[in-house]
Structure formats: C-alpha cells, structure tokens
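Please look through the sequence and the three-dimensional structure shown here, and keep them at hand while reading the report below.

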Amino acid sequence: MGLIQAIKGSVGGTLSDQWKTFIKCDDMGQEILMQRVSTPNGVIAKDSAIMVAPGQLAVIFQSGQILDATAEEGLYTFDESTMPTFFAGQFGAVFKEMWQRFTFGGAPAKEQAVFYINIREILNNKFGTRAPVPFQSWQHAIPNQMTGNVDPMRVAIRCFGKYTFQVCDPAIFMRTFAGTGEMVRKDALIEQMESEVIAALQSVLNELGNQTHQVRVLELPSNTPKIKEIMDERVFDEPIRNRGVKLVGFAIESVTLDEDSEKRITQYENNANAMMQQGRVLDVMETAAGNEGGSMGAFMGLGMMNMASGGMSGGVMQNTFQQQPGTFPASQQVPQPAPEQPQAAPVAEEGITCPNCGIVSNGKFCAECGTSKEPQTVNCANCNVELANGAKFCAECGTATTNE
C-alpha cells in the first residue's frame, strides 16, 4: 500500500478532474502546522490522487498506523498493492523508521486520512523576557578583596527578539503534540515554545557572560550567529526538539538594563572617570618631579584640569591623592604625608632681672653681662647693715663696701 508518483514537481488544481477522488491541502501559510484531509466516508479509494504542495509533508494513516508518507512535492496515485514510497523527499530516513513502529492510540478502525504537515520555516515569532534575567558584565569588573580576584558585575537585563522554527521530525511532532486532530495551529504551540526559547536563551547568556567569551552586555544583538552556534552545540533547545521541532533562526533585537543595574553601572563609570582623572593628575605630578623648575607650571596645570572636569573638590580631590594601595603601580604611588601631631603650646618663662645691667633673661648668669643672678647680700663693715649684692657704699653710714 503506497503512493505512486504521477507528476513530479509543482502541479495545478485543474488536474483534479482526471481522478475520481482528489485529495489536497490548501496553502497552510504561517499559521497552520498540521491539517487533516479525508474523504466523506473516511476511505481513500484505489487510484485516488493525492497532491503534495511545496512546503508540505503528507502522511497517510489507516487505523492509526502509517501507510506511507512523502515530503517531495508532486501528484501521487494511491495504490494499496504497492510498497510504501518512504524514501521520497528529505525525510526518507525518518519515514522508514516510523513506518515500523508508529501507531496512534485511540484512532478509529479502518479510517484512512492524509495528514498534511507544514514543513516550512515558521517566521516572525517574537519573544521577550517577562522578568529581568541575570548576566555577568566583565566590562564592569570589581576587585574582590577577600579572594584577590576580579569578579564581573552581576546585572539584570531584558531581551527582546524573534525566532523561527520548523518541524524536523514529523513522527515525534504528531506523537507528542499534534495527535490525530483535525487541525493544529501555531497558536497552540507558541506560548509553550516561547517559555522554552527563553530558557534556552538564559543558558546561552550564561555561556556568553563567562570569562571565556566576556561579551559586552549591550553588544548581545550583534552576536546573533554566536548565540545560535552555542545553542546548537550545547543543545540548549532540547525541550523544543523533543516535540519534533527545531529552532532555525534566533535573533536578539534589543537589550535593556533594569533600573538598579543602570544605577550601578552609572556609578561604576563615574568612579572610573574619577580614577582616570587621578591617573592624569599622577602623570602631571611625575612630569613636574622630573623637570627642573617645572613644578609651578605642573600645579597650574592641575588647577586647569580641576576646572575642566567640572570643579573636582572636596571628596573627589581627596580621593585623588589618597588612593588605595595597589590601585596604581608603585611608580605612580603618591607618598602620603604623615598626619600632623598636635604641638603643645609654649610655656611662658619668667625671666630674672640682672642686678648689674637690668636685662631680664633666664639662667643663673646674665646673658648680656655675665653677672651672676643668684640672690646675694653683704654686711656693712662699719655698722653691720645688710646691703644688696653689688652695693659700693653703705646706705646707712656711707662706709665703702668690699665690692668697690
């Protein structure tokens, strides 16, 4: 029981008058994935004509089993006495295997029908991440002080794009999804497929964001070929293939960061600009140190740089000169001045008046004339009155002292 090819290639509908029964399926377009066609009494008579249009695959069922199938376009005559023509078209190997083992449970007995499967590439299927998905941004790496390593910044992104798919295994497709219904439309499959596409995309993003690839987060749309290559190599779309369907095309059209990730990246880049400014400051300082008499011009340059950068002041300038150890090479490290220690207030000392010249000074001897400032007294030799040291005459009796 099988198909005999009557006319190969494209055929027109005007030939339908030559056969008693003419079975065909109208163009399924991009919306219909499978269409069941039969006769009013459910029996395909001998010598009935079955037409297979471009982009269609025809599977003939009888009592839940496959009688024949072809994916080669043309006009065929059904003859129950012939062997199946399973090798017709691109699915020949698949047909040969499914003829031996394929059965449909619950199919009515002695019913014959042709199931047409759309094997075109189904285009313009949109996808979008409902919630932000994680991604590693190596362009915003952060030093890990605990491990000494540099780790990527973890951001959250939303991706939007399109994909295309095609039925690649009609037996699996009919068994797991289509069944023996009258019609299967794309809408019945697309919602589940979108979830599986997003899951596959997440796996690809994990791969692209690792240390080997380090793809920039906003350059993902330009890496479409790489995304599809990784998806095929790692079979990230395996759940989709398990339904007899494969992804043919996959394109990310836009990538956006969530609000928190945008803030962190903006802060990171602002800090990076400040560090770049710091590097310019260090270059100017090193130039000044190497040029004789050039320090004044160098520091005038620093002032101009400060104004050009929008007036770095306060904390920014402080951070500029108080970089953390290891931020720059040793040759660019700025020596840090030791913190000034508070000095004790000077203690006022009371001077002693010199008995000889009257100069006030400290110490035992006058800093001006050298006279001893130790308190001394003498007695008058005549009247024994106590006189001040250095007196030449007694103030009481006028007798000359021994100091004269």
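The report goes from the chain as a whole to a pair of helices, then to salt bridges, and ends with one cysteine.

**The chain as a whole**

The structure is a predicted model, and every value given here was computed from that model. The chain has 404 residues, of which 38% count as buried, and its secondary structure comes to 8 helices and 17 strands. When contacts with a separation of 6 or more along the chain are considered, 67% of them are made by residues that stand 24 or more positions apart. The chain exposes about 23100 Å², and carbon and sulfur atoms supply 51% of that area.

**Two helices that cross**

Two packed helices are described by the angle between their axes and the distance between the axes. For helix α3, which covers residues 187-208, and helix α4, which covers residues 224-234, the axes come within 10 Å and cross at roughly 105°. Because angles of 65 to 115 degrees count as roughly perpendicular, α3 and α4 are roughly perpendicular to each other. On the side of α3, the residues that take part in the contact are Ala-200, Val-204, Glu-207 and Leu-208, and they meet Lys-226, Ile-227, Ile-230, Met-231 and Arg-234 of α4. Sorted by class, this contact of α3 with α4 has 6 nonpolar residues and 3 charged residues, with no polar ones.

**Salt bridges**

A search of the whole structure finds 13 salt bridges, and the table lists some of them, with the distance between the closest N and O atoms.

| Salt bridge | N to O distance |
|---|---|
| Arg-36 and Glu-182 | 3.2 Å |
| Arg-216 and Glu-219 | 3.7 Å |
| Asp-237 and Arg-241 | 3.0 Å |

Which parts of the chain does the pair of Arg-36 and Glu-182 tie together? Arg-36 lies in strand β3 (residues 32-37), while Glu-182 lies in the loop between α2 (170-178) and β12 (183-185), so the pair ties together parts that are 146 residues apart in sequence. Arg-36 has a relative accessibility of 14% and counts as buried, because the word buried is used for values under 20%. Its partner Glu-182, with a relative accessible area of 49%, is partly exposed.

In the bridge between Arg-216 and Glu-219, Arg-216 is partly exposed at a relative accessible area of 44%, and Glu-219 is also partly exposed, at 39%.

Are the side chains of Asp-237 and Arg-241, which meet in a salt bridge, buried or exposed? Asp-237 is buried, with a relative accessible area of 1%, whereas Arg-241 is partly exposed, with a value of 30%. These two residues belong to a network, in which salt bridges that share partners join Lys-228, Asp-232, Asp-237 and Arg-241.

**A cysteine after strand β17**

Cys-397 is placed in the segment after β17 (386-388), and this residue is partly exposed, with a relative accessible area of 34%. If its neighbours within four places in sequence are left aside, Cys-397 is in contact with Cys-380, Asn-382 and Cys-383. How far apart are Cys-397 and Cys-380 in sequence and in space? They are separated by 17 residues in sequence and by 8.6 Å in space, taken from C-alpha to C-alpha.

Note on methods: Residues are numbered from 1 along each chain as its sequence is written. This is a predicted model: local features need pLDDT of at least 70, side-chain atom pairs count only at pLDDT 80 or more; totals for chains, interfaces and linings use all residues. Side-chain values use heavy atoms; hydrogens and water are left out. Axes are lines fitted to C-alpha atoms, for helices over the stretch in contact, and angles run from 0 to 180 degrees between N-to-C directions. Helices (H or I, at least four residues) and strands (E, at least two) are DSSP runs, numbered from the N terminus. Angles under 35 degrees count as roughly parallel, over 145 as roughly antiparallel, 65 to 115 as roughly perpendicular and the rest as oblique. Contact means heavy atoms within 4.5 Å. Ala, Val, Leu, Ile, Met, Phe, Trp, Tyr, Cys and Pro count as nonpolar, Asp, Glu, Lys and Arg as charged, and the others, Gly among them, as polar. A salt bridge is a side-chain nitrogen of Lys or Arg within 4 Å of a carboxyl oxygen of Asp or Glu. Buried means under 20% relative accessible area, exposed over 50%, partly exposed in between (1.4 Å probe, protein chains only). Accessible areas come from the Shrake-Rupley method with a 1.4 Å probe; for residues, only the protein chains shown count as cover.
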